[in-house]
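Trainee: I would like a close look at a single part of this structure, with its surroundings explained in order. Please take it slowly and define each term when it comes up.

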Amino acid sequence: MQTKDVIIKMRTQKGMTQEELAKKVFVTRQAVSRWESGETTPNTETLKLLSNLFDVSINTLLGSPYKLICQCCGMPLDDTSISREPDGSFNEEYCKWCYTDGKFIYTNLGQLVDFLTEHTSNEQWPADKARAFYEKELPGLNYWKKKESASGRRN
Ligand SMILES: [Zn+2]
């Protein structure tokens, strides 16, 4: 789905006219009409307003161009698992289990590796294989990279 289709779908689901939607996000009816014909796409600020209004992520509004994964635990993200800021807006970098109420749940990579290994391993995906996978993949995610560079100099 393209942005224009997503906007039309969301607007009609809410039972809103172009005029009503325009008022809510502080643009003209003509602007909404241009989005829906695919002539233009909303700017970043307006995308944020639309995201809050429709309660879908910006990635969804854009027609899901990105395969979002949580930058802490590596889980694929969709609108039901994306974390939110305390004000209710989406934080599309993290899942709701890693980032809750404005706080990060995991501060220690080893702890998260233990947790994921314990909860995802099974007969097809043995614990040692799972652990090796997480130990290799997780340090490459933004959250852990940032932590690494913040603490790196002290050691
Ligand atoms: Zn996560």
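Mentor: Two residues are in contact if their C-beta atoms, placed from the backbone, lie within 7 Å. This is a predicted model, so local features need pLDDT of at least 70 and side-chain atom pairs count only at pLDDT 80 or more, while totals for chains, interfaces and linings use all residues. Residues are numbered from 1 along each chain as its sequence is written.

The whole chain comes before the part. Of the contacts in the chain with a separation of 6 or more, 42% join residues that are 24 or more positions apart. The C-alpha atoms fit in a box of roughly 55 × 40 × 25 Å, taken along the principal axes. There are 8 helices and 4 strands in the chain (DSSP runs numbered from the N terminus: helices are H or I with at least four residues, strands are E with at least two). Their order along the sequence is α-α-α-α-α-β-β-β-β-α-α-α. Of the 155 residues, 23% are buried. A residue is buried if 20 or more other C-beta atoms lie within 10 Å of its own, exposed if 12 or fewer, and partly exposed in between.

The part I have chosen is helix H5, which runs over residues 58–61. Two of its residues are worth taking in turn.

Isoleucine 58 belongs to helix H5. Isoleucine 58 counts as partly exposed because it has 17 C-beta neighbours inside 10 Å. Leaving out residues up to four places away in sequence, isoleucine 58 touches Leu47, Ser51 and Glu92. Leu47 and Ser51 fall within helix H4, residues 44–54, and Glu92 falls within strand E2, residues 90–95. Lysine 48 is 10 residues from isoleucine 58 in sequence, and the C-alpha to C-alpha distance between these two is 6.9 Å.

Threonine 60 is also in helix H5. Is threonine 60 buried or exposed? Threonine 60 is buried, because 21 other C-beta atoms lie within 10 Å. With residues up to four places away in sequence set aside, threonine 60 touches Val6 and Asp79. Isoleucine 7 is 53 residues from threonine 60 in sequence, yet the two C-alpha atoms are 10.0 Å apart in space.

That leads to the N-terminal end of the chain. Helix H1 covers residues 3–13, and Val6 and Ile7 fall within that range. Thr3, Lys4, Ile7 and Ile8 of H1 also meet Trp35, Glu36 and Ser37 of H3. Just ahead, in the segment before H1, is glutamine 2. Glutamine 2 counts as exposed because 12 other C-beta atoms lie within 10 Å. Glutamine 2 and leucine 61 are 59 residues apart along the chain, and their C-alpha atoms are separated by 8.1 Å. Not counting residues up to four places away in sequence, glutamine 2 touches Gly38 and Gly63.

Now the loops on either side of H5. Most residues other than glycine have a negative phi. On one side, aspartate 55 sits in the loop between helix H4 and H5. Aspartate 55 has a positive phi of about 60 degrees, although it is not a glycine. Aspartate 55 is partly exposed, with 15 other C-beta atoms within 10 Å.

On the other side, serine 64 is placed in the loop between H5 and strand E1, residues 82–84. Serine 64 is not a glycine either, and its phi is positive at about 55 degrees. Serine 64 has 14 C-beta neighbours inside 10 Å and so counts as partly exposed.

One last item puts strand E2 in context. The largest nonpolar core (buried Ala, Val, Leu, Ile, Met, Phe, Trp, Tyr and Cys residues joined through C-beta atoms within 7 Å) has 19 residues, and Cys70, Tyr94, Cys95 and Leu112 are among those with the most contacts inside it. Strand E2 and helix H6, residues 109–120, each supply at least two residues of this core. Cysteine 70, apart from its neighbours within four places in sequence, is in contact with Met75, Leu77, Tyr94, Cys95 and Cys98.

Definitions and conventions: Axes fitted to C-alpha atoms, helices over the stretch in contact; angles between N-to-C directions.
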